[in-house]
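Student: Please take a close look at one part for me: the nonpolar core and the helices that pack around there. Keep it brisk.

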Amino acid sequence: MIRVGIDSVTTLTKFCWLDTETGKYRFRTEEDKVGILNAVLQVERLGAESANLLGIGSRPGLEGLKLVRKEGDPIDNELRIQGDGARRVLALSGQNFSDKSFFLVSIGTGTSYVIVHPDGIDKLPLGSMLGGGFISGLAALTLPVSWSFEELNAAAAEGVPADIFVRDLVKPEEIDPNDPNLIVSNFGRADRLYTSKNAIAATIFHCVAANIVRDVLLMNKGCKQVVFIGTPVSASTVLTRYLSEYSRLLKLEPVFPSAEYAAYAGAMGALHMND
């Protein structure tokens, strides 16, 4: 029999299990009922009868497994389980955070924040509506709807954000050396006729990254290291680049698990939630 962890918090459903033959973790992401049913069949063939579940509500397709949720406050549990999962995916990536406190940013459909300590968490009062849902939704309204997320990322990599920066308004000799890339207005230089698709794509990622790092700065309680996880983090080199640039600009140290693991902190934490 194998153990399975499932992260079903928002749009995607993510599975994590330990392969008993190889001793390695296996991962799978699905976004619709058919895919979820196929994933359930896969783990059932491997011997799973139940799964630890992170997330509230129900997700069609999971009915074939006995779902086990951790008792207690669901939001508190989600943050604690995600924090533990983040440590574990960092360890898989060769980064030891077992005895460190860090600010955790989980970018999914939206974005959540929590400060993770070796012995617990500090819950924070706010999350952000800016995340993968905002990126995909705004892209669908402004760019070819046929573009995949990979194509959106590739276009953004070739573009320059159409934002207004401090350097656009202030003379070079009057600019604080730390401030030239700070944003005055997202999309402030965008023009319906002349702004390229690559620039629009770049601006979407730039908007999300800069606002997330600003949130971290406002809510941080002394953590130097900021760990970024989530599907958009694993899927977008442009988003991770902008997150890194703004973190360093504001004297923070950005930390990213390996791209193959960054989306699975929740599922990994669910797998181990009763350890």
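Tutor: What follows goes from the core to the helix pairs, then to single residues.

First, the ground rules. This is a predicted model, in which local features need pLDDT of at least 70 and side-chain atom pairs count only at pLDDT 80 or more, while totals for chains, interfaces and linings use all residues. Residues are numbered from 1 along each chain as its sequence is written, and side-chain values use heavy atoms, with hydrogens and water left out.

Start with the core. A nonpolar core is a set of buried Ala, Val, Leu, Ile, Met, Phe, Trp, Tyr and Cys residues joined through side-chain atoms within 4.5 Å. Buried means under 20% relative accessible area, exposed over 50%, and partly exposed in between, with a 1.4 Å probe and protein chains only. The largest core here has 39 residues. F103, V105, F205 and F228 touch the most other members. Elements giving two or more residues to this core are β6 (102-107), β7 (111-117), α3 (132-142), α4 (149-157), α6 (197-219), β11 (225-229) and α8 (237-249). These labels follow DSSP runs, numbered from the N terminus: helices are H or I with at least four residues, strands E with at least two. Helix α6 gives the largest share, 12 residues. Another core lies apart, with 21 residues, among them L79, F97, V255 and L271.

Now α6 and its partners. Two packed helices are described by the angle between their axes and the distance between the axes. The axes are lines fitted to C-alpha atoms, for helices over the stretch in contact, and angles run from 0 to 180 degrees between N-to-C directions. Under 35 degrees counts as roughly parallel, over 145 as roughly antiparallel, 65 to 115 as roughly perpendicular, and the rest as oblique.

Take α3 with α6. Their angle is about 155°, with the axes 10 Å apart. So α3 is roughly antiparallel to α6. F134, I135, L138, A139 and T142 of α3 meet I200, I204, F205, C207 and V208 of α6 (contact: heavy atoms within 4.5 Å). Nine of the contact residues are nonpolar, one is polar and none is charged. Here Ala, Val, Leu, Ile, Met, Phe, Trp, Tyr, Cys and Pro count as nonpolar, Asp, Glu, Lys and Arg as charged, and the others, Gly among them, as polar.

Next, α4 with α6. The angle is about 100° and the axes are 7 Å apart. The two helices are therefore roughly perpendicular. From α4 come F149, L152, N153, A155 and A156; from α6 come N198, A201, A202 and F205. That contact has seven nonpolar residues, two polar and no charged.

K197 lies in α6 as well. At 45% relative accessibility, K197 is partly exposed. Beyond four places in sequence, K197 touches L143, P144 and W147.

Back to the strands. Leaving aside neighbours within four places, F103 contacts Y113, V114, I115, L124, V216, M219, N220, C223, Q225, V226 and V227. V226 sits in β11 and is buried, at 1% relative accessibility. With the same neighbours set aside, V226 contacts F103, V105, V216, L252, E253, P254 and V255.

Last, a buried glutamine. Q82 is in α2 (residues 74-92). Its relative accessibility is 6%, so Q82 counts as buried. Not counting residues up to four places away, Q82 touches L104, S106, S112, I229 and A265.
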